[in-house]
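Work through the exercises below with the model open beside you, and try each task before reading its solution.

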Amino acid sequence: MTRVHTLSALLLSVCLLAACGFQLRGQYTFDFDRIELRGMEKTEMNRNMNLQMQIMNIVVNPSDGAPLKLTLLKEKRDRSIVTFSASGRAREVRLTYDLDYQVTDKNGDFLIATTTLQQRRELTYSDDQILGKEMEEANLYTEMQRDIARQISVRLAALKLNKGNAKP
């Protein structure tokens, strides 16, 4: 009997997801197959962006050049207290991650002018769990960087290049 309930609950869930328009993220199609990634070398954000491009089957920093150049200009991390407890201690903290980037073609013309992407996360804070909260904060910053790398990928997929610049 429980098997029937489980199966019917699963079927109902699938029907509800289909009815609301839910769709898994698919692969993006790019007008290029190579990209030059510059700026912020040896940082976690550069590694995340490099990995995101490789997942999308884009060759990063090829020796024969690329039709696009993605430049990561600077990142900024901010931590601010949102709420205080009755004793005056921090109860909730807002983490903010900003990334400035730009995309140019091989002639140096801007395809995406200098743009800032921002991610925010809220974190409940407790003085009793300082080490655990520090690790959670680091994980949230990593998650924000991955989200921004995905956002940049979506924007790169929307670019339409001249066919002469796209592929050799």
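A salt bridge is here a side-chain nitrogen of Lys or Arg within 4 Å of a carboxyl oxygen of Asp or Glu. The model is a predicted one, and by this rule the count comes to ten salt bridges.

**Exercise 1.** Find which parts of the chain are tied together by the salt bridge between Asp 64 and Arg 34.

*Solution.* Begin with the distance: the side chains of Asp 64 and Arg 34 meet at 3.9 Å, N to O, and the limit for a salt bridge is 4 Å. Next, place the two residues: Asp 64 belongs to the loop between strand E2 (59-60) and strand E3 (68-84), while Arg 34 is in strand E1 (residues 34-38), so the pair ties together parts that are 30 residues apart in sequence. Finally, look at the surroundings of each partner: Asp 64 is exposed, with a relative accessibility of 58%, whereas Arg 34 is buried, with a relative accessible area of 13%.

**Exercise 2.** Work out which residues are linked in a network of salt bridges that includes Arg 121.

*Solution.* Start from Arg 121, which forms a salt bridge with Glu 143, their closest N and O atoms being 3.1 Å apart. This pair links distant parts of the chain, since Glu 143 lies in helix H3 (residues 130-158) and Arg 121 in strand E5 (residues 110-124), 22 residues apart. Of these two, Arg 121 counts as buried at 16% relative accessibility, and Glu 143 counts as partly exposed at 36%. Then turn to Arg 150 and Asp 147, which form a salt bridge with closest N and O atoms 2.4 Å apart; both lie in helix H3, three residues apart, about one turn of the helix. An α-helix has 3.6 residues a turn, so residues three or four places apart point the same way. Arg 150 itself is partly exposed, at 30% relative accessibility. Putting the steps together, the network of salt bridges links Arg 121, Glu 143, Asp 147 and Arg 150.

**Exercise 3.** Decide how the buried residues of helix H2 are arranged around its axis.

*Solution.* First establish the helix: H2 covers residues 44-55, twelve residues in number, and reaches 16 Å from its first C-alpha to its last, close to the 16 Å expected at 1.5 Å a residue. Then list its buried residues, which are Met 45, Asn 46, Asn 48, Met 49, Gln 52 and Met 53. These residues cover an arc of only 160° around the axis, which puts them on the same side of H2. After the helix comes Asn 57, whose phi is positive, near 65°.

**Exercise 4.** Determine whether Gln 145 is buried or exposed, and name the residues with which Gln 145 is in contact, leaving aside neighbours within four places in sequence.

*Solution.* Gln 145 is found in helix H3, and with a relative accessibility of 1% this residue counts as buried. Leaving aside those sequence neighbours, Gln 145 is in contact with Glu 44, Met 45, Asn 48, Glu 75, Arg 77 and Tyr 97. Two of these contacts, Met 45 and Asn 48, have already appeared among the buried residues of H2. Another of them, Arg 77, has its charged end over the ring of Tyr 141, 4.5 Å from the ring centre.

**Exercise 5.** State how far apart Thr 104 and Pro 67 are in sequence and in space.

*Solution.* Thr 104 is in strand E4 (residues 90-105) and is buried at 8% relative accessibility. Along the sequence, Thr 104 and Pro 67 are 37 residues apart, but in space their C-alpha atoms are 8.6 Å apart. Not counting residues up to four places away in sequence, Thr 104 touches Pro 67, Leu 68, Lys 69, Asp 109, Phe 110 and Leu 111.

Terms used: Residues numbered from 1 in each chain as written. Predicted model: local features only at pLDDT ≥ 70, side-chain atom pairs only at ≥ 80, totals over all residues. Heavy atoms only, no water. Helix = DSSP H or I, 4+ residues; strand = E, 2+ residues; numbered from the N terminus. Expected span 1.5 Å × (residues − 1). Buried < 20%, exposed > 50% of the residue type's maximum accessible area, 1.4 Å probe, protein only. Arc of directions from axis to C-beta. Lys NZ or Arg CZ within 6 Å of the ring centre and 35° of its normal. Contact = heavy atoms within 4.5 Å.
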